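Visitor: I have not looked at this one before. Please take me through it by question and answer.

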Amino acid sequence: RDLALNPADPRLEKLALVIAPNYNADSNDEMSPDNREGQLGPELGMGKRANSRGLDLNRDFVKLESAEARSLIGLINSLDPHVFIDCHTTDGSRHRYPMTYDIPHNPASPGPLREFLRDEFMPEVTRRMEEVGVASFYYGNLNSARTRWDSFDYRPRFSTEYAGMRGRLGILAESYSYISYEDRIRASRAMVVACLEAAVERADVIRQLVEIVDQQWVEIASESPGRFDVPLEAQPAPWPEKVTIATFVEGGDDHEEVEVEYWGDYRPTAKTSLPWAYLLDASHANVLENLHRHGVLVERLVEPLQAEVTFQTVESIRRIPAGFQGPATVRLQTNSGRDTRRIPEGWLVVRTAQPLGRLVVWLLEPQTSDGLVTWNFFGDSIQQDGEFPVLRLEQKAELVLEPLVFATAEPGSHP
């Protein structure tokens, strides 16, 4: 509103700003003081976390089951923003920060982007908020022993992590439930303004950084993919230096500072070499629709291909019952082998040499902790001791391809 009422604001010379003010519109309107116990205001209560179909929208950035997520990703595909800021309110541990924030953790997201955010951008944001009286720190919760500060998940189902997997700057902003509604608004505004102003000052740096990240990925994936490993799973670990958290004496209101380990460094526990492309037949309509919704380039073989491919045999299947996130989830263990095969005309090719190549790997590899296998997109085509329906083409090949044209799909339900 402030920017709209002042079109001469010099920040608009550098910024193209798009705001989605209410991502969960239906449930946000179902306001009640009983919806979140302990939160201070607003007086008439707040809306519900899950959308009208019972889905948590900030766990939907891989499966894109909700109309809201599909619409938001469609917007991101069309605009390709350099910086993505996602504003939330958090409860959790008691501390003295009106605002906590975070950045992508997934070790598969570009290291230069994470380093820029951690070493330069967020320290500047923190400084700017301090100037207007808003204390802030990295998002986390104290463990029961008050010896460590634990950050949030690394999987791309979360918006900030998803932005990182797209090779863009993702920023999570979490105002604090236990301060007043007015103070939460002030903290959120200070956070967003600080991010915008820091971005204005570094506009050329950010634009160049994003372009280099995209260019380097495409070059590696196109010319020498096998020399590069992509993390598929990770686990949290402490950063080398301890941090001091501004909190309260346990069980009371007196101020206290505690020195703790900061567990926000996710380290890979499983990796795969980067293939040149993935191959699958056109019968997996759910998979193809999801790739299309993410903005992934999918192509069709115009002529048959004779090539050595990597196939994967399903060694074990673990199915987890449906819960808050919608469908049942699946985890696989597979064994790999190589074979020379004739791939018929009409099969589909998803090359990794595209800006969304990191995301492609996470969506299509069978053993990622948050891909299309996880969300049961392959259904009954996955069988014990059967072959996983996606093949890997490890090295560059001469293919005759045409882009796959998708019909425009209306938001609908997951199968």
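**Questions and answers**

Guide: Leu279 in β10 has Leu391 of β15 standing opposite. This is a predicted model, and the pairing of these strands is a fair place to begin.

Visitor: How many bridges join β10 to β15, and how many join β10 to β14?

Guide: β10 covers residues 277-280. With β15 (residues 391-393), β10 runs antiparallel and shares three bridges. β14 (residues 348-351) is also antiparallel to β10, and Leu348 of β14 is the bridge partner of Leu280. The bridges between β10 and β14 number four.

Visitor: Are the faces of β10 covered or open, and which residues show it?

Guide: Buried here means under 20% relative accessible area. On one side of β10 are Ala277 and Leu279, and both are buried. The residues on the other side are buried too, and both faces count as covered. That other side holds Tyr278 and Leu280.

Visitor: How many residues of helix α8 are buried?

Guide: Helix α8 spans residues 357-364. Its buried residues include Gly357, Arg358 and Trp362. The helix is largely enclosed by the rest of the structure, because the buried residues number eight of the eight.

Visitor: Where is Asp385, and is Asp385 buried or exposed?

Guide: Asp385 is found in the loop between α8 and β15. Its phi is near 70°, a positive value in a residue other than glycine. The cut-off for exposed is over 50%. At a relative accessible area of 59%, Asp385 is therefore exposed.

Visitor: Asp80 also has a positive phi. What is the exposure of Asp80?

Guide: Asp80 has phi near 50° and is not glycine. Its place is in the loop between α2 and β1. Between the buried limit of 20% and the exposed limit of 50%, a residue is called partly exposed. Asp80 has a relative accessible area of 35%, so its class is partly exposed.

Visitor: Which residues does a cis peptide bond join?

Guide: The second residue of the pair lies in the loop between α1 (25-28) and α2 (67-79). Omega for the bond is about 5°. The bond joins Gly41 and Pro42.

Visitor: Which residues line the largest cavity?

Guide: The structure holds one cavity of 30 Å³ or more, with about 60 Å³ of space in the largest cavity. By class, its lining has five nonpolar, no polar and two charged residues. The lining is made of Ile76, Pro81, Val83, Phe84, Ala163, Arg166 and Arg168.

Visitor: Which element gives the largest share of the lining of the second largest pocket?

Guide: About 270 Å³ of space lies in the second largest pocket. Of the 16 residues lining the pocket, the closest to its centre are Pro110, Gly111, Trp217, Phe228 and Arg358. At least two lining residues each come from α3 (111-131), α6 (203-223) and β7 (229-238). The largest share, four residues, comes from α6.

Visitor: What classes of residue make up that lining?

Guide: The charged residues in the lining of the second largest pocket number four, and the polar ones three. The remaining class has nine residues, and that class is nonpolar.

Visitor: Is Tyr262 buried or exposed?

Guide: Tyr262 lies in strand β9. Beyond its neighbours within four places in sequence, Tyr262 is in contact with several residues, among them Asp102, Arg118, Tyr138, Trp149 and Trp239. Its relative accessibility is 4%, under the 20% limit. Tyr262 therefore counts as buried.

Visitor: His255 is in strand β9 too. How far is His255 from Glu241 in space?

Guide: His255 counts as exposed, at 56% relative accessibility. Leaving out residues up to four places away in sequence, His255 touches Arg96, Thr247, Phe248 and Val249. Glu241 is 14 residues from His255 in sequence, and their C-alpha to C-alpha distance is 23 Å.

Visitor: Where does pLDDT stay under 50?

Guide: The chain averages a pLDDT of 93, and 96% of the residues score at least 70. Where pLDDT is low, the predicted coordinates should not be read in detail. One stretch has 18 contacts beyond four places in sequence in the model, yet its pLDDT stays under 50. That stretch is residues 409-415.

How values were computed. Residues numbered from 1 in each chain as written. Predicted model: local features only at pLDDT ≥ 70, side-chain atom pairs only at ≥ 80, totals over all residues. Heavy atoms only, no water. 1 Å grid on protein atoms, 1.4 Å probe; cavity = no way out; pocket = protein on both sides within 12 Å on 5 of 7 lines; lining within 4 Å. Points joined across faces, edges and corners; volume = space filled by probe spheres on them. Nonpolar A, V, L, I, M, F, W, Y, C, P; charged D, E, K, R; others polar. pLDDT = per-residue confidence, 0-100. Contact = heavy atoms within 4.5 Å. Buried < 20%, exposed > 50% of the residue type's maximum accessible area, 1.4 Å probe, protein only. Pairing = 2+ DSSP bridges.
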